[in-house]
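Hi there,

Here is the structure I promised to pass on. Have a look at it first, and my notes follow below.

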Amino acid sequence: MNEPANLVPGRRETAVEVHRPTPLAPVPSAPVVPVQPGSVPAVTSVVLPDGRVVTGYAVEPAQPEPVAAKPPVSRTAVNIALGGVGFGAVCGGLFLLTAFITALTALITQLITLAAVIFGGWVAAQVFSASGHGSGTTVNIRKAVFKRNHFHH
């Protein structure tokens with residue numbers, strides 16, 4: 001066995017590829033030009049409570065840009081609210097329309113029932129009053145004889 005000492009017996013060697021990154025060329029940048037302030041601010045010294053003195057320039061806080069005046073309520077919120085009011089009005093109107101149709105149906109049903117009762121009562125009065133009074137039509141039925149499916153009177 002002529003294997004090197006650092007290899008494990010029975011294991012095969014594999015080739016390893018090494019990739020080295022290629023540096024990019026530097027991007028030329030614009031030269032930085034120092035800008036001098038319009039006026040040199042005054043140097044200020046401050047004595048701290050423990051006796052130390054801090055010296056430096058006074059820096060004024062940055063003022064934010066003025067913001068354009070916005071309405072107190074957004075237009076979108078107003079439109080959504082108006083849409084909700086309109087939807088509520090339509091739903092209320094549909095509810096009233098449904099209630100009206102239901103009431104009209106009940107009224108028509110009661111009128112039909114009333115007409116049937118009145119007409120039925122009038123028919124019954126006509127039938128029963130005809131047999132009680134002499135003013136109705138009188139039909140006399142005599143004895144009839146049926147012989148061999150023929151009517152003889």
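**The hairpin and beyond**

Gly-51 has a positive phi near 100° and sits in the hairpin of S1 and S2, where five residues lie between the strands. Please keep in mind that this is a predicted model.

The two strands of that hairpin are S1, residues 43-47, and S2, residues 53-57; they run antiparallel and are joined by five bridges. One pairing to look up is Ser-45, whose bridge partner in S2 is Thr-55.

How many salt bridges does a search of the whole structure find? There is one. Asp-50 and Arg-52 form a salt bridge, and their closest N and O atoms are 2.9 Å apart. As background, side chains of opposite charge can pair when their charged atoms come close. Asp-50 and Arg-52 are both exposed.

Now for the chain as a whole. The protein chain contains one helix and four strands, and read from the N terminus its elements follow the order β-β-α-β-β. It has 153 residues, of which 0% count as buried. The area exposed by the protein chain is about 15,600 Å², with 66% of that supplied by carbon and sulfur atoms.

The helix is where the UniProt record comes in. Helix H1 spans residues 75-132. An unreviewed UniProt entry carries the annotation "transmembrane region" for residues 80-101 and 107-125. In the model, residues 80-101 are 100% helix and 0% strand, with 31 Å between the end C-alpha atoms. Residues 107-125 are likewise 100% helix and 0% strand, and there the end C-alpha atoms lie 27 Å apart.

There is also a nonpolar patch on the surface, which may interest you. Its members are Val-90, Leu-94, Leu-97, Phe-100, Ile-101, Leu-104, Leu-107, Ile-108, Leu-111, Ile-112, Leu-114 and Ile-118, and together they have about 1,100 Å² of accessible area.

Is Ile-101, one of the patch residues, buried or exposed? Neither label fits: Ile-101 is partly exposed, because its relative accessible area is 47%, and partly exposed covers the range between under 20% for buried and over 50% for exposed. Patch members need over 30% relative accessible area, so the 47% of Ile-101 meets that cut-off. Ile-101 is found in helix H1.

Happy to talk any of this through whenever it suits you.

Best wishes

Technical notes: Residues numbered from 1 in each chain as written. Predicted model: local features only at pLDDT ≥ 70, side-chain atom pairs only at ≥ 80, totals over all residues. Heavy atoms only, no water. Patch = residues over 30% accessible without salt bridge, like charges linked within 9 Å, V, L, I, M, F, W, Y side chains within 5 Å. Areas by Shrake-Rupley, 256 points an atom, 1.4 Å probe, with all protein chains shown as cover. Salt bridge = Lys/Arg side-chain N within 4 Å of Asp/Glu carboxyl O. Buried < 20%, exposed > 50% of the residue type's maximum accessible area, 1.4 Å probe, protein only. UniProt positions renumbered as here; feature names shortened; annotations may be inferred. Pairing = 2+ DSSP bridges.
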